[in-house]
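Colleague: Before I plan anything at the bench, could you take me through this chain step by step, with the reasoning behind each statement?

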Amino acid sequence: MAKIKVTKVKSAINRTKNQKRTLEALGLKKIGQVVEHEDTPNILGMINKVQHLVSVDKK
């Protein structure tokens, strides 16, 4: 499977609890932090829920 890089670009302040938990599950804590994940349907669904807070780069 392909790898994708997910970068947190906005704060989770004043966001719903579900969005905050999704960011934690993706491994994102600080703004500017980058994590690399496999391109699976589970990860893509999580990214879709917080797409306004993250940036995605495909390799």
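The exchange below goes through the chain, its sheet, its helices and its core.

Colleague: What kind of model is this, and how are its residues numbered?

Modeller: Side-chain values use heavy atoms, with hydrogens and water left out, and residues are numbered from 1 along each chain as its sequence is written. Local features need pLDDT of at least 70 and side-chain atom pairs count only at pLDDT 80 or more, whereas totals for chains, interfaces and linings use all residues, since this is a predicted model.

Colleague: In what order do the elements of the chain run from the N terminus on?

Modeller: The elements are DSSP runs numbered from the N terminus, helices being H or I with at least four residues and strands being E with at least two. The chain holds two helices and three strands. From the N terminus on, their order is β-α-β-α-β.

Colleague: What is the radius of gyration of the chain, and what does the globule rule give for 59 residues?

Modeller: The radius is taken over C-alpha atoms, and the globule rule is 2.2 Å times the number of residues to the power 0.38. The C-alpha trace spans about 35 × 20 × 15 Å along its principal axes. The chain is as compact as a globular protein of that length, because its radius of gyration is 11 Å, close to the rule's 10 Å.

Colleague: In what order do the three strands form the open sheet?

Modeller: Two strands pair if DSSP finds at least two bridges between them. Strand E1 (residues 3-8) is joined to strand E2 (residues 34-38) by five bridges and runs antiparallel to E2, and E1 also pairs with strand E3 (residues 54-58) over five bridges, again in the antiparallel sense. The three strands therefore form an open antiparallel sheet in the order E2-E1-E3.

Colleague: Which strands stand at the edges of this sheet?

Modeller: An edge strand has a single partner strand here, so one side of it is left without a neighbour in the sheet. The strands in that position are E2 and E3.

Colleague: Which residue of E2 is the bridge partner of Lys 5?

Modeller: The C-alpha atom of Lys 5 is separated by 4.5 Å from that of a residue 31 positions away along the chain, Glu 36. Glu 36 is found in strand E2, and its contacts (heavy atoms within 4.5 Å), not counting residues up to four places away in sequence, are Lys 3, Ile 4, Lys 5 and Lys 59. The bridge partner of Lys 5 in E2 is Glu 36.

Colleague: Is Glu 36 buried or exposed, or does it fall in between?

Modeller: Buried means under 20% relative accessible area and exposed over 50%, with partly exposed in between, using a 1.4 Å probe and protein chains only. In E2, Val 35 and His 37 form the covered face, while Val 34, Glu 36 and Glu 38 form the uncovered one. Because its relative accessibility is 38%, Glu 36 counts as partly exposed.

Colleague: Why do the buried residues of H1 lie on the same side of the helix?

Modeller: In helix H1 (17-26), the buried residues are Gln 19, Thr 22, Leu 23 and Leu 26. On the other side of H1, Lys 17, Arg 21, Glu 24 and Ala 25 are exposed. The buried residues pack against E1, E2, H2 and E3. They lie on the same side because the directions from the helix axis to their C-beta atoms cover an arc of only 100 degrees.

Colleague: Which residues does Thr 22 touch, not counting those up to four places away in sequence?

Modeller: Thr 22 lies in helix H1 and counts as buried, because its relative accessibility is 15%. Beyond the sequence neighbours that are not counted, the residues it touches are Met 46 and Val 50.

Colleague: Which elements give two or more residues to the largest nonpolar core?

Modeller: A nonpolar core is a set of buried Ala, Val, Leu, Ile, Met, Phe, Trp, Tyr and Cys residues joined through side-chain atoms within 4.5 Å. The largest one has twelve residues, among them Ile 4, Val 6, Leu 23, Leu 26, Ile 43, Ile 47 and Val 50. The elements giving two or more residues to this core are E1, H1 and helix H2 (41-49).
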